[in-house]
Amino acid sequence: MSKNVKETFSSGPGDAATTAPVPAPAALRARVRSLGPSMTRSMQAVAEAVAADPAGCAALTVSDLAARTGTSEATVVRTARLLGYPGYRDLRLALAALAAQQESGAAPAVTVDIAVDDSLADVVAKLAQEEAQTLADTAAGLDVAALGSAVAALAAARRIEIYGVGASGLVAQDLAQKLSRIGLIAHAHNDPHLAVTNAVLLRPGDVAVAITHSGGTGDVVEPLRIAFERGATTLALTARAGSPVVHYADLVLATSAARETQLRPAAMSSRTSQLLVVDCLFVGVAQQTYETAAPALAASYEALAPRHHTPVPTAQRNSTAR
């Protein structure tokens, strides 16, 4: 990998207004859901209004939308830009397209929060619907160009170090395990001290991956910052544009999450989105390195095969035993 790798890859969300592609209409709801918690109250009012009534808001001028939401024209324009649109005109076009999709019957269903007294059948149905919506939101909002650059960086990396804690740490382990199975040198770190001591040894040609839903987890941001300063290519998976982690990321892949509730914390909903992005990365890398990845996978399957054929036990439990 080139020593000037940072110059060849797209930058983080700080330059989104000038370098990132305009989001597709289907991605609007996903961006409102993921960016909402990081917005000011006035910007949240604008974002929620356009997501709730795209057809109605598409017909409004910037002044009309500001009056409808009790905000200012400047707030409406800033909200449009934060959602990924160069200006309010582009947001109106996306709203009109989204409204047309809804009229054709493609509008997503609204999921009801899980209640304490819900039956297990209702819990299953609601969780399944939320998971499906989260996956759809993530797919709609994923920057395929950035994903392609991330795949190329991982495929060519000398070594790959992945940082995550808590639920994101489990996702980090999943990515490391997948990449290791196709012959890449990949390690996941959930110990903050080991993560930092590992990051200081990175250099150009290495890749560091940070997985953090909030984008502000210090134990994940710090090793990525160090890796960034050492010249490694850095990748962040996060749901918060403008969060601290993106300032040290050469590439940012946006994740999504369902609304956090008492019985469904962010750690649950964010994991679904993160795992989808991880699977996309893995498949992309496996495609690019197929000549070596395929034999590596075959060898690992063959090595593990005997462990998946344990004889069926013949002994039965004694029903009289206490």
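Two strands count as paired when DSSP finds at least two bridges between them. Keep that in mind for the close-ups below, which come from a predicted model.

**View 1. The whole chain, to get your bearings.** The protein chain has 322 residues, of which 43% are buried. Its secondary structure comes to 15 helices and five strands. Among contacts between residues at least 6 apart in sequence, 73% join residues at least 24 apart.

**View 2. Strand β4 and its two partners.** Here you can follow β4, residues 233-238, with β3 and β5 as its pairing partners. Strand β3 (residues 207-211) pairs with β4 in the parallel sense, over five bridges. Look for V209, whose bridge partner in β4 is L235. To get from β3 to β4 the chain passes through helix α13 (residues 218-229), and this β-α-β crossover is right-handed. Strand β5 (residues 251-254) also runs parallel to β4, joined to it by four bridges. On this side, L237 has L253 in β5 as its bridge partner.

**View 3. The two faces of β4.** In a regular strand, side chains alternate between the two faces of the sheet. In β4, T233, L235 and L237 point one way, while T234, A236 and T238 point the other way. Whichever way they point, these residues are all buried, so β4 is mostly covered, with six of its six residues below the 20% cut-off for relative accessible area.

**View 4. The largest nonpolar core.** This core has 33 residues, and those with the most contacts inside it are I160, L179, V209, L237, L253 and L281. At least two core residues come from each of α10 (144-156), β1 (160-163), α11 (166-181), β3, β4, β5 and α14 (266-288). Helix α10 gives the most, with seven residues. For a closer look, pick I160: leaving aside neighbours within four places in sequence, I160 is in contact with L154, L179, L184, I185, A186, H187, V207 and V209. There is also a second, separate core of 24 residues, which includes L35, V46, Y85 and A94.

**View 5. I226 on helix α13.** Residue I226 sits in helix α13. With a relative accessibility of 6%, I226 counts as buried because the cut-off is under 20%. Apart from neighbours within four places in sequence, I226 is in contact with V196, A199 and V200. Although I226 and V200 are 26 residues apart along the chain, their C-alpha atoms are separated by 6.1 Å.

**View 6. The aromatic pair of F228 and Y248.** The structure holds one aromatic pair. Its members are F228 and Y248, arranged edge-to-face, 6.2 Å centre to centre and with 65° between the planes. The pair links distant parts of the chain: F228 belongs to helix α13, Y248 lies in the loop between β4 and β5, and the two are 20 residues apart. Are these rings' residues buried, exposed or in between? F228 has a relative accessible area of 26% and is therefore partly exposed, since that value falls between the 20% and 50% cut-offs. Y248, at 27% relative accessibility, is partly exposed too.

**View 7. A charge over a ring.** In this last close-up, find R181 and Y301. The charged end of R181 sits over the ring of Y301, at 4.9 Å from the ring centre. R181 falls within the residue range of helix α11 (166-181).

Terms used
Residues numbered from 1 in each chain as written. Predicted model: local features only at pLDDT ≥ 70, side-chain atom pairs only at ≥ 80, totals over all residues. Heavy atoms only, no water. Buried < 20%, exposed > 50% of the residue type's maximum accessible area, 1.4 Å probe, protein only. Right-handed = clockwise from strand over helix to strand, strands pointing away. Phe/Tyr/Trp six-rings, centres within 6.5 Å; stacked < 30°, edge-to-face > 60°. Lys NZ or Arg CZ within 6 Å of the ring centre and 35° of its normal. Core = buried A, V, L, I, M, F, W, Y, C linked by side-chain atoms within 4.5 Å. Contact = heavy atoms within 4.5 Å.
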